[in-house]
Amino acid sequence: MLIRRETPADIAAIHAVHTAAFASADAPDAVPVEAPLVDALRADDGWLPALSLVATDADGQVVGHVVCTRGTVAGAPVALGLGPLGVLPGWQRRGVGSALMHAVLGAADALDEPLVVLLGHPEYYPRFGFRPAVDLGVTPPGPWGPQYFMARPLSAWRPDIQGPFAYAKPFADL
């Protein structure tokens, strides 16, 4: 497996990854929101090309994708929203998602980003250093319980980064 930045040639494969990764057994023909969300994020001002990463197999086929986009805390561009993160079903539980997570967090830290937030499972993401965002004074943008809205401070994090978080605009359009 190789992790690298997304290229224009990867766009269709990324869409397919998220369609397969988030497919619903109850509606197998429906396109999950994550696939068009990535397309909308790519067209948004919050898109950060250096933080859209793919995992490829030995033949160069895209098997996973993760993206971070610009978010704000109290209106300041001092945070990233992580997600979606998707892995083809046949590649799940094989370390691809973890590798993508470590790669995108390392890339964000290298770019001097102070904070990464996500909406996710409170028993899974602490292994990557995430904790409830409210513990850092960052509040969720929606009705989600604080245990699901998590943050990971990076090297450039400062304690004065506090207030309401806002994702890139395409998230609000969901």
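In this predicted model, strands β5 and β8 (residues 149-153) pair in the antiparallel sense over 5 bridges. Within this pairing, valine 117 stands opposite alanine 151 of β8. Strand β5 itself spans residues 115-119, and 4 of its 5 residues are buried, which leaves the strand mostly covered.

**Strand β5 and its other neighbour**

Strand β5 is also joined to strand β4 (residues 76-87), by 2 bridges, and these two strands run parallel. Here leucine 80 is the residue that stands opposite valine 116 in β5. Helix α3 (residues 96-110) belongs to the arrangement as well: β4, α3 and β5 make a β-α-β unit, and this unit is right-handed. In a regular strand, side chains alternate between the two faces of the sheet.

**The nonpolar core**

The largest nonpolar core contains 22 residues. Leu82, Met101, Val116 and Phe130 are the residues with the most contacts inside this core. Two or more core residues come from each of the elements β2 (47-56), β3 (62-73), β4, α3 and β5. Which element gives the largest share of this core? Helix α3 does, with 6 residues. In soluble globular proteins, nonpolar side chains tend to be buried together.

**A nonpolar patch on the surface**

Some nonpolar residues lie on the surface instead. Leu119, Trp144 and Tyr148 form a nonpolar patch there, and together they have about 270 Å² of accessible area. Tyrosine 148 is located in the loop between β7 (138-139) and β8. Its relative accessible area is 38%, so tyrosine 148 is partly exposed.

**Salt bridges**

Side chains of opposite charge can pair when their charged atoms come close. The model has 6 salt bridges, and the table gives three of them, with the N to O distance for each pair.

| Acidic residue | Basic residue | N to O distance |
|---|---|---|
| Aspartate 10 | Arginine 4 | 2.7 Å |
| Glutamate 6 | Arginine 42 | 2.7 Å |
| Aspartate 160 | Arginine 158 | 3.0 Å |

The surroundings of these pairs can be described by their accessibility. Is aspartate 10, in its salt bridge with arginine 4, buried or exposed? Aspartate 10 has a relative accessibility of 5% and therefore counts as buried, whereas arginine 4, at 26%, counts as partly exposed. In the pair of arginine 158 and aspartate 160, arginine 158 is partly exposed, because its relative accessibility is 38%. Aspartate 160 has a relative accessibility of 54% and so counts as exposed.

Glutamate 6 and arginine 42 form the remaining pair in the table, with their closest N and O atoms 2.7 Å apart. Glutamate 6 lies in the loop between β1 (2-5) and α1 (11-21), while arginine 42 lies in helix α2 (residues 34-42), so this salt bridge ties together parts that are 36 residues apart in sequence. Both glutamate 6 and arginine 42 are buried. Asp39 is linked with Glu6 and Arg42 in a network of salt bridges.

**A proline between two helices**

Proline 32 has its place in the loop between α1 and α2. Because its relative accessible area is 10%, and buried means under 20%, proline 32 is buried. Proline 32 and phenylalanine 22 are 10 residues apart in sequence, and their C-alpha atoms are 5.9 Å apart in space.

Notes
Residues are numbered from 1 along each chain as its sequence is written. This is a predicted model: local features need pLDDT of at least 70, side-chain atom pairs count only at pLDDT 80 or more; totals for chains, interfaces and linings use all residues. Side-chain values use heavy atoms; hydrogens and water are left out. Buried means under 20% relative accessible area, exposed over 50%, partly exposed in between (1.4 Å probe, protein chains only). Helices (H or I, at least four residues) and strands (E, at least two) are DSSP runs, numbered from the N terminus. Two strands pair if DSSP finds at least two bridges between them. A crossover is right-handed if, with the strands pointing away from the viewer, the path from the first strand over the helix to the second runs clockwise. Patches are made of residues with over 30% relative accessible area and no salt bridge: like charges are joined within 9 Å, nonpolar side chains (Val, Leu, Ile, Met, Phe, Trp, Tyr) within 5 Å. Accessible areas come from the Shrake-Rupley method with a 1.4 Å probe; for residues, only the protein chains shown count as cover. A salt bridge is a side-chain nitrogen of Lys or Arg within 4 Å of a carboxyl oxygen of Asp or Glu. A nonpolar core is a set of buried Ala, Val, Leu, Ile, Met, Phe, Trp, Tyr and Cys residues joined through side-chain atoms within 4.5 Å.
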